[in-house]
Structures are given as structure tokens and as C-alpha cells.
Amino acid sequence: NNTNLFSAIIIGDGPALLNYKNIVLKKNLKNKIYFLGEIPYLNMMSYTASCDIGWVLIKNRGISNQFALPNKLFEYTLMGLPVIASSLPNIEPIIKKNNFGICVNEQDINQQLTAINQIIDRYDDYNFISQKTLAAYVWDIQHEIFIRALSNNES
């Protein structure tokens, strides 16, 4: 089982943090999972770049979450990280179309552990950072298309 090679970093704060810390203590994972708390956004990329896998697990509750398309997904891909993400309508097509990682049920820990092992075992098979793919999602390229679309709608 390759999951013993990895540790996790949890950045941020929120109502679930205490629950996560309690789980880590109960499962005796305090040497594998680290809580950094809130950090300035400008420092996030240095942490992201040092990771091996990005996580975009969002609970499928409510319309806002169901149709989420978080910036984290694109930050991870820009850093060349494979992604384990929720199977949500706006996320799954991007992950699958571009081979950015694996989509899982956000409530199924066994599926998530399997995804970690699949990514570790096939790390070089993923297309984490192809320039053609990134061009479809990077603002520097997309803003011209966006401005043209706005201009066409005004006429």
C-alpha cells in the first residue's frame, strides 16, 4: 500500500476543522497530517507546488456546491499536480477530458484511497500540464475570448 509514503497538509480554517483534528488524533495520524491554519493567499502557490496530489473534494449539497468549479482545480493543474476531485457536473468533465486525475464520491473514503494508489502507480500516465490543455483554462488566453463574447452580445 503506497499511501504510507505520503502525508497531508490541510490549510485553512472553518467549522469542520476541530472534527478533522479529532479524527487525526483518534486514528493516530498526527505525524502524517499537518494543519497549517490560515495562510496568506500569496503564499499558497509555494505550498501547492510542493505537493504531489491536489484535492478538490466538495460535498454535493446544495446547488452552489453541486455546480462548483473551484479555482483550486486550476491552481493544481497549473502546478502539474494530479487531482482527486468530486464527481460533480462542472468538475468531472474537465478532469476526464484532460486526464488531470480521478473523480470520486466525496463521501467514499475507500474510493479516495484507491484513487491515491492509482495515481501513485500510474503517475507518469497523467497529462497534468500540457500546454494545449492549459491554454483552454488560463485567463491570459481566455480573457480575449471572453471580451469578444461580451462584445458580440452587446451588438
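Lys72 and Glu75 form a salt bridge in which the closest N and O atoms are 2.5 Å apart; a salt bridge is a side-chain nitrogen of Lys or Arg within 4 Å of a carboxyl oxygen of Asp or Glu. The model is predicted, so that local features need pLDDT of at least 70 and side-chain atom pairs count only at pLDDT 80 or more, whereas totals for chains, interfaces and linings use all residues. Residues are numbered from 1 along each chain as its sequence is written, and side-chain values use heavy atoms, with hydrogens and water left out.

Both partners of this salt bridge lie in helix H4, three residues apart, about one turn of the helix. Helix H4 covers residues 71-78; helices (H or I, at least four residues) and strands (E, at least two) are DSSP runs, numbered from the N terminus. The two residues are covered to unlike degrees: Lys72 is partly exposed, with a relative accessible area of 23%, while Glu75 is buried at 7%. Here buried means under 20% relative accessible area, exposed over 50% and partly exposed in between, with a 1.4 Å probe and protein chains only.

The side chain of Glu75 also makes a polar contact of 2.6 Å with that of Tyr41. A polar contact is a pair of N or O atoms within 3.5 Å; within protein, one must be able to donate a hydrogen and the other to accept it, and residues adjacent in sequence count only if both atoms are side-chain atoms. Apart from neighbours within four places in sequence, Glu75 is in contact (heavy atoms within 4.5 Å) with Tyr41, Met45 and Thr48. Other residues of H4 are buried along with Glu75, namely Leu73, Phe74, Tyr76 and Thr77. Just after this helix, Gly80 takes a positive phi of about 80°.

The count of salt bridges comes to two. The other joins the side chains of Lys96 and Glu92, at 2.8 Å from N to O. Lys96 and Glu92 both lie in helix H5, four residues apart, about one turn of the helix. Lys96 is exposed, at 58% relative accessibility, and Glu92 is partly exposed, with a relative accessible area of 21%. Side chains of opposite charge can pair when their charged atoms come close.

The protein chain contains eight helices and five strands. From the N terminus on, its elements follow the order β-α-β-α-β-α-α-β-α-β-α-α-α. The chain has 155 residues, of which 31% count as buried. Among contacts with a separation of 6 or more, 59% are between residues 24 or more positions apart. The chain exposes about 10400 Å², with carbon and sulfur atoms supplying 53% of this area; accessible areas come from the Shrake-Rupley method with a 1.4 Å probe, and for residues only the protein chains shown count as cover.

The largest nonpolar core has 15 residues, and those with the most contacts inside it are Val56, Ile58, Leu73, Val83, Ala85, Ile91 and Ile95. A nonpolar core is a set of buried Ala, Val, Leu, Ile, Met, Phe, Trp, Tyr and Cys residues joined through side-chain atoms within 4.5 Å. Two or more residues of this core come from each of H4, strand E4 (83-86) and helix H5 (92-98). H4 gives the largest share, three residues. Not counting residues up to four places away in sequence, Ile91 touches Val56, Ile58, Ala68, Leu69, Pro70, Leu73, Ala85 and Ser86. A second, separate core has eight residues, including Ile84, Ile102, Val104 and Ile120.

On the surface, Ile9, Ile11, Tyr34, Leu36 and Tyr47 make a nonpolar patch of about 390 Å². Patches are made of residues with over 30% relative accessible area and no salt bridge; like charges are joined within 9 Å, and nonpolar side chains (Val, Leu, Ile, Met, Phe, Trp, Tyr) within 5 Å. Strand E1 (8-11) and strand E2 (33-37) each supply at least two residues of the patch. Leu36 is located in strand E2 and is partly exposed, at 34% relative accessibility.

Tyr20 belongs to helix H1 (residues 17-26) and is partly exposed, at 41% relative accessibility. Tyr20 and Ile10 are 10 residues apart in sequence, and their C-alpha atoms are 9.4 Å apart in space.
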